[in-house]
Amino acid sequence: MNEQTLQEQPMIEIRGLVKQFGSFHALEGIDLTIAKGTVFGFVGPNGAGKSTTMAILATLMAPSSGYAKVDGYDVSVNPHEVRKRIGYMPDFFGVYDQFKTTEYLHFYGASYGIPKAEREVLIPQLLELVNLSDKKDAYVDTLSRGMKQRLCLARCLVHDPELLILDEPASGLDPRARIEMREILKELKAMGKTIIISSHILPELAEMVDEIGVIEHGSMVAVGNVADIQNRLRVKRFLHVRLLGREEEAESFLRDQPYVNRLLRDDKGWQIHFGGHDEEQAMLLESLMAAGFRVVSFSEAQTNLEDVFLEITRGGGGAE
Amino acid sequence: MRRNETRGRLGRFDLINPVLDKEIKLRMRSPRTMWTLFFYLLAIGFLAFVAIYLTQELSGRNGAAFNPEQSKMLFYFLTMAQLGLVAFMAPGLTAGVISGEREKQTLNLLLTTQQSSATIIISKLLSSLSFMVLIVLSTIPIYSMVFLYGGISPKQLVLVFLFYLFIMLTLGSIGIFFSTLLKRTMLSVISTYGVTLFIFAGTAMLYFVMLSITTNYYYSQPAGSGSTYNWVGHIIAMNPVAALMSILEPSLSDQVFMVHRNAGPVRGEAPMPLWLEFMLAYTIISAIALWIAVRKLRPVSRRRR
């Protein structure tokens, strides 16, 4: 393969991937392509098949049928080549408590065949990247959960993999630790890594995710960038309206307006799932004014990944 | 910086394999290791002193005179006691090495590294083995007491220790086999102890039952007819105690293949010494156990297309 072909080759190529556990179908024929350098958000409720897909990509599970390729290498045929290219962080993981942080990274570095002299230079850099330089001589069991998550991320990076498979890396972290994790992931994105990351942290990662894939009951229900998926959804946008007085009358009025698909009331006003575009949005404001309602605010709410996810998995999407 | 080019030079710049290095380091840092060693030596020391006391008391010589037979009995006693302790220790040390990593949720991380399944399994076995060797070697000072009384050759001592090494390897392989196949350490430990019990007690019981049946059969045959070779000897050849005894008392091998007839025992001829048959059989069993463990550690790869 020449260099151009290698560049064009997707980092992940999954076709017809099926995984069965007895009579239970965890994956029902997934197709997915992720280009190199993409940060891919993998969304889905618990038990949808995210972790199974990731475990197959990490060579920890054999597919029942179909195939998954990483950088052109089939995970079932060339697992050794695949392991060279991936850094895997599972949703639940343990650490060797009686190791110091540097020893922990030395062990994994040696397990990837990195010579000791090279590791001596590399490990301080990795600890710096994950903000654990001050803990280099600490025993792993003395680290907080957030620190252990970051140490595990450093472990993923020890062999400089091209693809990072991060299964819920921020689960169980406090808000501060989540922000730290997000900042590290931004740095990794800037380094050109391909990252596949699942679930909870997604709403916070909206600005760094290039594409999302929504999985439910073992099938991909939507794949694409966030804006594309939003456009393909019945709900085009979310509006927030706040009026002064005549609340009961206003609610009835809004409900009768065209393109208003859903109306949710909160203590600050109404959230409208609006099916129209700019023109229709402007018309709604004009109607409110014409009907004599006193409009305090009328704004378009930022759609986040969580809204998209909920909309799709509610069955209202049908985006793909 | 591209570092992928360094892949494939696994362990080239490290003196020992990283998994083995990790195993030894973590084991020696655990307080449990020190206590295991302490209680093992306490047990074997206690048994040795009790044996010395009893042999001296029963002989009535007060240890003043040289008695090679007595010293030999003491050596046999210590040797068998140590075999029992090794059989008790080996499953405990190996039956959790893989399932334990699985329960601690560290196995998946290890399996995504470049270490091959064979390297991981063999390193785990060697690490447990090296600790067992340390424990057994640390009992040498206790054995040296036997030398004070004479009657034992250094060659016998070396052979006995080599036999221990072999039995540790065998029971260790069985422990790792169950540890890889079974998800829970508790189940793995129970299964390994079950197999160990069968190897030690089950084979002996089976031998005595079969010996009784075949002896009755030979009695019912007319004198001078039938085989002079009793195949049930092969059953006791699977027993470590008998195999070890055959090193200490080579005549035992012929005795277990002997046929008892009306006119007293007839000639018995072992096809090979018991210890050799034992080693051949268990080398094959250990190799199969390790091979299955290596195959089952990771999902099976498809053939290259």
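**Note on the predicted two-chain model**

At 38% relative accessibility, A:Arg246 counts as partly exposed, because that class covers the range between the 20% limit for buried residues and the 50% limit for exposed ones. The structure is a predicted model, and the points below should be read with that in mind.

1. *Backbone at A:Arg246.* A:Arg246 is situated in the loop that links strand E11 (237–244) to helix H9 (247–255) of chain A. Its phi is near 50°, which is a positive value in a residue other than glycine. A reviewer inspecting the backbone may wish to view this residue together with A:His217 and B:Gln105, which are treated in points 4 and 8.

2. *Overall composition of chain A.* Chain A contains 11 helices and 14 strands. Of its 320 residues, 54% count as buried. Among contacts in chain A with a sequence separation of 6 or more, 68% are between residues 24 or more positions apart. The accessible surface of chain A amounts to about 13700 Å², and carbon and sulfur atoms supply 48% of that area.

3. *The six-stranded sheet.* Chain A holds an open sheet of 6 strands with mixed pairing, in the order E6-E7-E8-E3-E9-E10. Strand E6 (86–89) and strand E10 of chain A form the edges, each of them pairing on one side only. From one strand to the next, the twist averages 15°. In a regular strand the side chains alternate between the two faces of the sheet.

4. *The hairpin at the E10 edge.* Strand E9 (residues 211–216) and strand E10 (residues 219–224) of chain A pair in the antiparallel sense, with 5 bridges between them. One of the bridge partnerships joins A:Glu216 to A:Ser219, the latter lying in E10(A). The hairpin has 2 residues between its strands, and A:His217 takes a positive phi near 50° there.

5. *Helices lying across the sheet.* Helix H2 (residues 50–57) of chain A lies across strand E3 (39–43), E6, strand E7 (163–166), strand E8 (194–198) and E9 of chain A. Relative to E8(A), helix H2 of chain A runs at about 150°. Helix H6 (residues 145–157) of chain A lies across E6 and E7 of chain A, and its direction makes an angle of about 160° with E6(A).

6. *A buried acidic side chain.* Is A:Asp160 buried or exposed? With a relative accessibility of 8%, A:Asp160 counts as buried, because the limit for that class is under 20%. A:Asp160 is placed in the loop between H6 and E7 of chain A. Its side chain makes a polar contact with the side chain of A:Lys193, at 2.6 Å.

7. *Overall composition of chain B.* The secondary structure of chain B consists of 13 helices and 2 strands. Buried residues account for 46% of the 305 residues in chain B. Of the contacts in chain B between residues at least 6 apart in sequence, 79% join residues at least 24 apart. The accessible surface of chain B is about 15300 Å², and 70% of this area belongs to carbon and sulfur atoms.

8. *Backbone at B:Gln105.* B:Gln105 has a positive phi of about 65° although it is not a glycine. The residue is found in the loop between helix H4 (99–103) and helix H5 (107–111) of chain B. B:Gln105 has 38% relative accessibility and counts as partly exposed.

9. *Annotated transmembrane regions.* The unreviewed UniProt entry lists residues 34–54, 74–98, 131–152, 158–182, 194–219 and 274–294 of chain B under "transmembrane region". In the model, residues 34–54 of chain B are 100% helix and 0% strand, and the end C-alpha atoms of that span lie 30 Å apart. Residues 158–182 of chain B are 96% helix and 0% strand, with 36 Å between the end C-alpha atoms.

10. *Packing around B:Val160.* B:Val160 belongs to helix H8 (residues 154–181) of chain B. The residue is buried, with a relative accessible area of 0%. Which residues are in contact with B:Val160, leaving aside its neighbours within four places in sequence? They are B:Phe75, B:Thr79, B:Leu244 and B:Leu248. B:Leu244 is 84 residues from B:Val160 along the chain, yet the C-alpha atoms of the two are separated by 7.2 Å.

Note on methods:
Residues numbered from 1 in each chain as written. Chains lettered and ligands numbered in written order. Predicted model: local features only at pLDDT ≥ 70, side-chain atom pairs only at ≥ 80, totals over all residues. Heavy atoms only, no water. Pairing = 2+ DSSP bridges. UniProt positions renumbered as here; feature names shortened; annotations may be inferred. Axes fitted to C-alpha atoms, helices over the stretch in contact; angles between N-to-C directions. Contact = heavy atoms within 4.5 Å. Buried < 20%, exposed > 50% of the residue type's maximum accessible area, 1.4 Å probe, protein only. Areas by Shrake-Rupley, 256 points an atom, 1.4 Å probe, with all protein chains shown as cover. Polar contact = N/O pair within 3.5 Å; in protein donor to acceptor, adjacent residues only side chain to side chain.
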